[in-house]
Amino acid sequence: MQTFSLSIIRHSSPFFLRRTGIYHGGCGFRAGIRIRRSFDLLSVSARRDNPDVSRKPQPSKNMLRAKHIGKDYSSLAPVLSPDHRPSLSESQAIGTVATAQANFMRVVVQDVAGSEKNDDGEDLSSKTGVELLCVVRAVLKKIRRRVLVGDKVLVGSIDWVDRRGMIENVFHRRSEILDPPVANVDHLLVLFSLDQPKLEPFTLTRFLVEAESTGIPLTLALNKSELISEEELESWKIRLRRWNYEPLFCSVGTKDGLDAIAFILRNQTSVIVGPSGVGKSSLINILRSNSGSAMEEENWFEPILGNKGFEDQRVGEVSTRSGRGKHTTRNVSLLPVSEGGYLADTPGFNQPSLLKVTKQSLALCFPEIRKLIEEEQCGFKDCLHIGEPGCVVKGDWERYPYYLQLLDEIRIREEFQLRTFGTKRESDVRYKVGGMGVKQAEPRLQPKKHRRESRKKVKQTMISELDEFEDEDSDLDIDDDPIVRAIENEKNT
């Protein structure tokens, strides 16, 4: 007698059944085929009557890999191109960073969602020009993408009532300077004073080299011209022309020469750099208060000119003890100008870092050397102009000792960086291969900064410190201590 048993296991789909037949005897194979066909017909008729319950094709490994990789790249906030306009929600906006102070950024809204009104009937166009107090997204800090004043940013999680938000991404910059940190700059105004504080040639050279290294057009202006004589003024003019600079002499006190500066800076984003006490904030206050022409229509800062962050800048006096300026301006601010454009008021500093200047690019930051090289090339491409054979740059010009001093400083810094960090520069993003060979991107954290020390290492450190403490105690001669001798004498008596 042939027998067979049939087990039916129900899956998640009510019409998909898994059939398992266990047959005994010789004709069990044919019976099994008939049963399988009957179940196949049942499943086909069920899909025909209910097309919504048909099986969906499972994604392949390549589809899963592409999906995960795309998700990881977007989570790390890739830099947006300047012309890119992302689709914005009601809680997102595009703006410009106007002020940076501590961990907060003041962003002026330039663009909101395309619809004129939201679901509540509120007019979104009225939000243009609103100032938002923002923090920076944590992933931008982890991948060391710094947000600077002047940056065009994407702001999300906006609370329009409290005017707060979070900077989610940064658009690509067309220019950037480090001292002071400002982005998207069109013009640099190097401002020094002829007296109070007195003009030092080496300090001026250092600022000019830093400005030349950025590749941004610059203008040299010398303030407080009323404090020196005409002979001194003429001697400085001749001296700076030998440096291949055409300076502008001005006076904030008498307002002489300010019209020429306003004409140069109009309709541009300009940064005023210089030491403390030379009159940067005073110059900005005069340029902003000039009522000769109206504000431009495209000035995004116009609706918020009454805010506290955009009032006249504080002005300090020169120290009577050191003869230098006091640090009155303590943060970078982007301010509107009446002639159109914006000015960045920056803190004063006396020593630019020159971090972007290398020993090969230093010579190009001196107009005197550039002029000589344009007329005749040196014998070697990597010539440092320190007396190599075939060098066309001789030491018969005034700032050559300054060039040698800065070259030695940069060479020492580069040698230290080479010993400390080496030539390998790791990116700010690293990639891990997860399950199914999926390549995932994540921020590369700085070593020993975001990691807690292990308990084993803490114990080893404590033991080594105790051993050192015991060794120090053993080295001390206790018998020579007068207090110890007095205590022992009392015990003996």
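The following dialogue goes through salt bridges, burial and cysteines in a predicted model.

Visitor: Why is the contact of Arg106 and Glu131 called a salt bridge?

Guide: The N to O distance between their side chains is 2.8 Å. The cut-off is 4 Å between a side-chain nitrogen of Lys or Arg and a carboxyl oxygen of Asp or Glu, so the pair qualifies.

Visitor: What makes this pair a tie between separate parts of the chain?

Guide: Arg106 belongs to strand β4 (residues 104-111) and Glu131 to strand β5 (residues 131-136), so the salt bridge ties together parts that are 25 residues apart in sequence.

Visitor: How do you know whether Glu131 is buried or exposed?

Guide: Its relative accessibility is 8%. Buried means under 20%, so Glu131 counts as buried.

Visitor: And why is Arg106 called partly exposed?

Guide: Arg106 has a relative accessible area of 34%. That value lies between the 20% limit for buried and the 50% limit for exposed, so the label is partly exposed.

Visitor: What makes Glu398 and Arg239 a salt bridge?

Guide: Their side chains meet at 2.5 Å, N to O, and the limit is 4 Å, so the rule is met. Glu398 lies in the loop between α8 (367-375) and α9 (400-421), while Arg239 lies in helix α5 (residues 230-242), so this pair ties together parts that are 159 residues apart in sequence. Glu398, at 30% relative accessibility, is partly exposed, and Arg239, at 22%, is partly exposed as well.

Visitor: Why is Glu246 called exposed?

Guide: Its relative accessible area is 52%. Exposed means over 50%, so Glu246 passes the cut-off. Glu246 forms a salt bridge with Arg241, with the closest N and O atoms 2.9 Å apart. Arg241 has a relative accessible area of 44% and is partly exposed.

Visitor: Which residues are joined into one network by salt bridges that share partners?

Guide: Asp151, Arg173 and Glu176.

Visitor: How many salt bridges does the rule give?

Guide: The count is 11 salt bridges.

Visitor: How do you know that Cys383 is in no disulfide?

Guide: The nearest cysteine sulfur, that of Cys391, is 3.6 Å away. A disulfide needs the two sulfur atoms within 2.5 Å, so Cys383 and Cys391 do not qualify. The count of disulfides by this rule is zero.

Visitor: Is Cys383 buried or exposed, and what about Cys134?

Guide: Cys383 has a relative accessible area of 9%, and Cys134 has a relative accessibility of 0%. The cut-off for buried is under 20%, so both count as buried.

Methods: Residues are numbered from 1 along each chain as its sequence is written. This is a predicted model: local features need pLDDT of at least 70, side-chain atom pairs count only at pLDDT 80 or more; totals for chains, interfaces and linings use all residues. Side-chain values use heavy atoms; hydrogens and water are left out. Helices (H or I, at least four residues) and strands (E, at least two) are DSSP runs, numbered from the N terminus. Buried means under 20% relative accessible area, exposed over 50%, partly exposed in between (1.4 Å probe, protein chains only).
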